[in-house]
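Welcome! Please take a moment to look over the sequence and the model shown here before reading on.

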Amino acid sequence: MNYISDGFVQAIGLILSMDEETWSAVVVTVKLTMLSMSVTLALGLPLGFLLGYLDFPGKPVVRTVVDTLLALPTVVVGLLVYAFISNRGPLGGYGLLFSIRGMAIGQTILALPIVVALTASAIEGLDNRLKTTLATLGANGWRMAASCLMESRFALLVAAMTAYGRIVAEVGVSMMLGGNIKWHTRTITTAITLETGKGDFALGMALGILLLAMSFALNAALSFIRRRADA
Amino acid sequence: MTEVRNVFSLRNLTHSYGRHPTLDIASLDIPEGGVVGLIGPNGSGKSTLLKVLGCLLARRSGELLYGGVSVDGRERAVRREVTLLLQEPYLMRRSVYANIAYGLKLRGIASSEIASRVSDSLARVGMAADSFARRPWFRLSGGEVQRVSLAVRLALRPKVLLLDEPTANVDETSAARIKEAAWHAWNDWGTTIVVATHDLVWLYEVATKIVSLYRGRAISDGAENLVQGDWVRAGDRAILALRGQTIEATLPGGDQPLVCAALNPSSIAVSRERPASRADHNVLSGTLTQMSIERATGDILGVVDCDGVFLRARFPLSSAHDLNLYPGLAVHLSFPVSTLTFL
Ligand SMILES: Nc1ncnc2c1ncn2[C@@H]1O[C@H](COP(=O)(O)OP(=O)(O)O)[C@@H](O)[C@H]1O
Ligand SMILES: [Mg+2]
């Protein structure tokens, strides 16, 4: 058991004296997560909203498909996107393989079903008096839709945080599409995999602590904003 | 003398959620500047009618005129002038201020004007803007939610205010504030008010017209008494047994179910002495429990408890005076067998 506590102490030391290589993995992770989250939310919120707000034939089928996609294994996404963006694939000419943009495509595919499904559920779960109330106040069309979105903002925040959790924690897509290239596409999670494989337990743990700290900071910021918004 | 205009006119209007019609109204007018009461048992279609008037539900057939013109194609415009306080009010997950400001922003009203309307509306429902405007939606009691919801509508200065059982689920203070606020809206702005309620005492005080709904049908006058129970056939009469006495009614034609008979309060005579029995009259004894003045007619409405069946009788102020009627008094009611009509 000693090597765990020793590793932890060493890890703290490593974080405090962060070398450039580790720092680069952190920067790549932040860049990649920001890109993936932006695209996921930009696509997922409108799609999920439409799915929850509108009634159309075949809606249950779409819901079932989206729910199934929630369980997509990361390596399957990695494999599929790889097939498309590798040199021989249809998108081979864009130089996406082993780039942050290529990794973001995979992560977006991974997280999109989460945002779509949770947004749709949030909109469907709104009190059915809401629309009637908005109508009695004279709202319709876009105004009504925007107000419904506003009413479900806390549930949408949960959707975004869940997607964030999935994106920041995954290894498969980053490894397969990014290639774990030092200085370029090495993220915190792929670095942890590598260091643990090499037996550098303390460095892996240091990276893990950094990852947790990032999530904690984000959550703390959001809960602060939320408390401000409530008051 | 100016002609009374109708804000709403309904002709052969029907609505249904499924197969059975929830509304089937042959003719109904809501006069401008009036206070119209909607009464009727639960499920009789009061809420549905209010939603149809508010252009929140589409009717199935018939005509609905707003200001003399069909609402078809101008539902949005009508919704800007007509607003409904839902039976179960809902506040958006925002502050009280933001809830009240919502409809005003929609109408492009300047923010300084919004601020003053918010305080004014809150004051009208008896809430101080200082302590309530900034409150979030979840820090309000049930009665306060209802009052804020009314303030939200008052801020819009509606032409027509539709109220769906506004005092049903609130404490006495809130109920009193709500009634006052509705009255002031009518008095200050000439707002036409249509209110569904079970509070008949209040209605008789303020209503200029009372409409009874029964199973979706409007019975304009005289259905304030609905005599429901196990009516049984006996010869050419239907008989309802109360504890110690009976009510008789002329049997309706056809195979109409004997469930509920309407009895016009104006056809009931009240007396201190028991009138002589007549074959074609019911004579009941009971206790006068309530008396109120009816704004629409200036007459007195007395509520008489006849073995648990509460009947309303209408009589002029002079006879209340001559007979020296007061609540608690034992009285006799008499009305023709033929005035009961089965619905
Ligand atoms: N959304 C709905 N779907 C189906 N039936 C409804 C709906 N709302 C009301 N009803 C039915 O319509 C009838 C009239 O209801 P309502 O207008 O709410 O009556 P009231 O307000 O007088 O109690 C009732 O029989 C009720 O069950
Ligand atoms: Mg109702």
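The report below walks through a pair of helices, the meeting of the chains, the two domains and the ligand.

Please keep in mind that this is a predicted model.

**Two helices in chain A**

Let us begin with helix α3 (residues 59-69) of chain A and helix α5 (residues 100-124) of chain A, whose axes come within 8 Å and cross at roughly 135 degrees. Angles over 145 degrees would count as roughly antiparallel and those from 65 to 115 as roughly perpendicular, and α3(A) and α5(A) are therefore oblique to each other. Their crossing is left-handed. On the α3(A) side, the contact is made by A:Arg63, A:Val66, A:Asp67 and A:Leu69. On the α5(A) side, A:Pro113, A:Val116, A:Ala117 and A:Ala120 take part. Sorted by class, the residues of this contact are six nonpolar and two charged, with no polar ones.

**Where the chains meet**

How many residues of chain A are in contact with chain B? There are 14 on chain A, and they meet 17 residues of chain B. Within chain A, α6 (128-136) and α7 (142-151) each supply at least two residues of the side that touches chain B. The largest share of that side comes from α6(A), which gives six residues.

**The two domains of chain B**

Chain B is divided into domain 1 (6-219) and domain 2 (225-342). The C-alpha centres of these two domains of chain B lie 33 Å apart. Nine residues of domain 1 of chain B are in contact with nine residues of domain 2 of chain B. On the domain 1 side, α8 (200-206) and β9 (209-214) of chain B each supply at least two residues. The largest share of that side, four residues, comes from α8(B).

**Around the ligand**

Which residues surround ligand 1? They are B:Tyr17, B:Thr22, B:Gly40, B:Asn42, B:Gly43, B:Ser44, B:Gly45, B:Lys46, B:Ser47 and B:Thr48. Helix α1 (residues 46-53) of chain B provides the largest share of this shell, three residues.

**Residue classes side by side**

The table sets out the classes for three of the places visited above.

| Place | Nonpolar | Polar | Charged |
|---|---|---|---|
| Side of chain A that touches chain B | four residues | five residues | five residues |
| Side of domain 1 of chain B that touches domain 2 of chain B | six residues | one residue | two residues |
| Shell around ligand 1 | one residue | eight residues | one residue |

Note on methods: Residues numbered from 1 in each chain as written. Chains lettered and ligands numbered in written order. Predicted model: local features only at pLDDT ≥ 70, side-chain atom pairs only at ≥ 80, totals over all residues. Domains from an automatic or database assignment. Contact = placed C-beta atoms within 7 Å. Nonpolar A, V, L, I, M, F, W, Y, C, P; charged D, E, K, R; others polar. Near = placed C-beta within 6 Å. Axes fitted to C-alpha atoms, helices over the stretch in contact; angles between N-to-C directions. Parallel < 35°, antiparallel > 145°, perpendicular 65-115°, else oblique. Left-handed = near helix turned anticlockwise from the far one by under 90°.
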